[in-house]
Amino acid sequence: MEFLAGLHPKIVHFPIALLLTYTLLEFIGAIFRNESFSKAAYIILVLGILGAITAVLTGNQADEVAEILFDKDVIIPLGAISQHETYATITLWFFAAVLVFRTYFLIKKKFVGIMKYVFVVLALIGSYFVLQTGLKGGSLVYQHGVGTDLLKPQQTIQPK
């Protein structure tokens with residue numbers, strides 16, 4: 001499963017970009033009353049959630065690899081990993097709930113007027129969770145070296 005763990009740093013940028021783009025499109029769609037932006041926001045939200053699911057799954061594998069390294073006396077800030085995981089989970093569930101409610105209002109043809117602004121606010125709140133998840137993840141990489149060669153167990157080279 002190290003393969004999935006190795007994909008985590010590459011995959012995480014997609015949901016970040018997609019969910020923040022969703023927020024921007026939701027805002028533009030509501031402010032300018034443009035249905036094209038609103039429809040694009042919905043599609044980007046779906047893609048962002050799919051990306052977030054993939055990021056969380058690969059992140060869980062990365063966490064398992066980190067715990068194995070921790071058992072080998074490599075110092076890994078497991079508390080910081082836990083905070084990152086918590087924000088990632090909150091982000092995923094929050095945007096999933098936004099998608100469910102947005103879909104409901106679209107089906108009932110009630111995604112109009114003030115409701116569009118409500119979703120702009122929800123998107124901004126969700127963007128805060130994306131930011132916190134990214135900050136915690138970036139801290140793991142840039143301050144603690146998680147996922148880099150700095151924390152890989154040292155291999156002893158046998159002389160020939």
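**Exercise 1.** Does Leu57 count as buried or exposed, judged by relative accessibility?

Solution. The model is a predicted one.
- Step 1: Leu57 is found in helix 3.
- Step 2: the cut-off for exposed is over 50% relative accessible area.
- Step 3: Leu57 has 52% relative accessibility, so Leu57 counts as exposed.
- Step 4, on its surroundings: Leu57 and Leu4 are 53 residues apart in sequence, while their C-alpha atoms are 8.2 Å apart in space.

**Exercise 2.** Describe the fold of the protein chain in terms of its secondary structure.

Solution.
- Step 1: the protein chain has five helices and zero strands.
- Step 2: along the sequence this gives the pattern α-α-α-α-α.
- Step 3: of the contacts with a separation of 6 or more, 77% are between residues 24 or more positions apart.
- Step 4: of the 160 residues in the protein chain, 38% are buried.
- Step 5: the accessible surface comes to about 10,200 Å², and carbon and sulfur atoms hold 69% of that surface.

**Exercise 3.** Which residues of the largest nonpolar core touch the most other members, and which helices supply the core?

Solution.
- Step 1: the largest nonpolar core has 22 residues, and those touching the most other members are Tyr22, Leu45, Ile49, Phe95, Val98 and Phe119.
- Step 2: at least two residues of this core come from each of helix 2 (13-31), helix 3 (35-71), helix 4 (78-107) and helix 5 (114-142).
- Step 3: helix 4 gives the most, with seven residues.
- Step 4: take Tyr22 as a case. Leaving aside residues up to four places away in sequence, Tyr22 touches Ala41, Ile44, Leu45, Phe95, Val98, Arg102, Phe119 and Ala123.
- Step 5: another core, of six residues, lies apart from the largest one, and its members include Ala66, Ile81, Leu140 and Val146.

As background, nonpolar side chains in soluble globular proteins tend to be buried together.

**Exercise 4.** Check what span helix 4 should have against the distance between its end C-alpha atoms, then list its buried residues.

Solution.
- Step 1: helix 4 has 30 residues, and at 1.5 Å a residue it should span 44 Å.
- Step 2: the end C-alpha atoms of helix 4 are 43 Å apart, which agrees with that expectation.
- Step 3: the buried residues of helix 4 are Ile81, His84, Ala88, Thr91, Leu92, Phe94, Phe95, Val98, Leu99, Arg102 and Phe105.

**Exercise 5.** How many salt bridges does the structure hold, and which parts of the chain do they link?

Solution.
- Step 1: the structure holds two salt bridges.
- Step 2: one of them joins the side chains of Glu26 and Arg102, at 2.8 Å from N to O.
- Step 3: Glu26 lies in helix 2 and Arg102 in helix 4, and the pair links parts of the chain 76 residues apart.
- Step 4: the cut-off for buried is under 20% relative accessible area. Glu26 has 2% relative accessibility and therefore counts as buried. Arg102, at 1%, counts as buried.
- Step 5: Lys116 forms a salt bridge with Glu35, and their closest N and O atoms are 2.3 Å apart.
- Step 6: Lys116 belongs to helix 5 and Glu35 to helix 3, so this pair ties together parts 81 residues apart in sequence.
- Step 7: Lys116 is buried, with a relative accessible area of 9%, whereas Glu35 is partly exposed, with 41%.

**Exercise 6.** Which residues make the nonpolar surface patch of about 590 Å²?

Solution.
- Step 1: the patch is made by Phe27, Ile31, Phe32, Ile114, Tyr117 and Val118.
- Step 2: helix 2 and helix 5 are the elements that give two or more residues to the patch.
- Step 3: helix 5 gives the most, with three residues.
- Step 4: Phe27 lies in helix 2 and is partly exposed, with a relative accessible area of 40%.

**Exercise 7.** Where in the chain do Arg33 and Lys109 lie, and what is the sign of phi in each?

Solution.
- Step 1: most residues other than glycine have a negative phi.
- Step 2: Arg33 is not a glycine, yet has a positive phi of about 50°.
- Step 3: Arg33 lies in the loop between helix 2 and helix 3 and is exposed, with a relative accessible area of 68%.
- Step 4: Lys109, just after helix 4, takes a positive phi of about 60°.
- Step 5: Lys109 is in the loop between helix 4 and helix 5 and is exposed, with a relative accessible area of 70%.

Conventions:
Residues numbered from 1 in each chain as written. Predicted model: local features only at pLDDT ≥ 70, side-chain atom pairs only at ≥ 80, totals over all residues. Heavy atoms only, no water. Core = buried A, V, L, I, M, F, W, Y, C linked by side-chain atoms within 4.5 Å. Buried < 20%, exposed > 50% of the residue type's maximum accessible area, 1.4 Å probe, protein only. Helix = DSSP H or I, 4+ residues; strand = E, 2+ residues; numbered from the N terminus. Contact = heavy atoms within 4.5 Å. Expected span 1.5 Å × (residues − 1). Areas by Shrake-Rupley, 256 points an atom, 1.4 Å probe, with all protein chains shown as cover. Patch = residues over 30% accessible without salt bridge, like charges linked within 9 Å, V, L, I, M, F, W, Y side chains within 5 Å. Salt bridge = Lys/Arg side-chain N within 4 Å of Asp/Glu carboxyl O.
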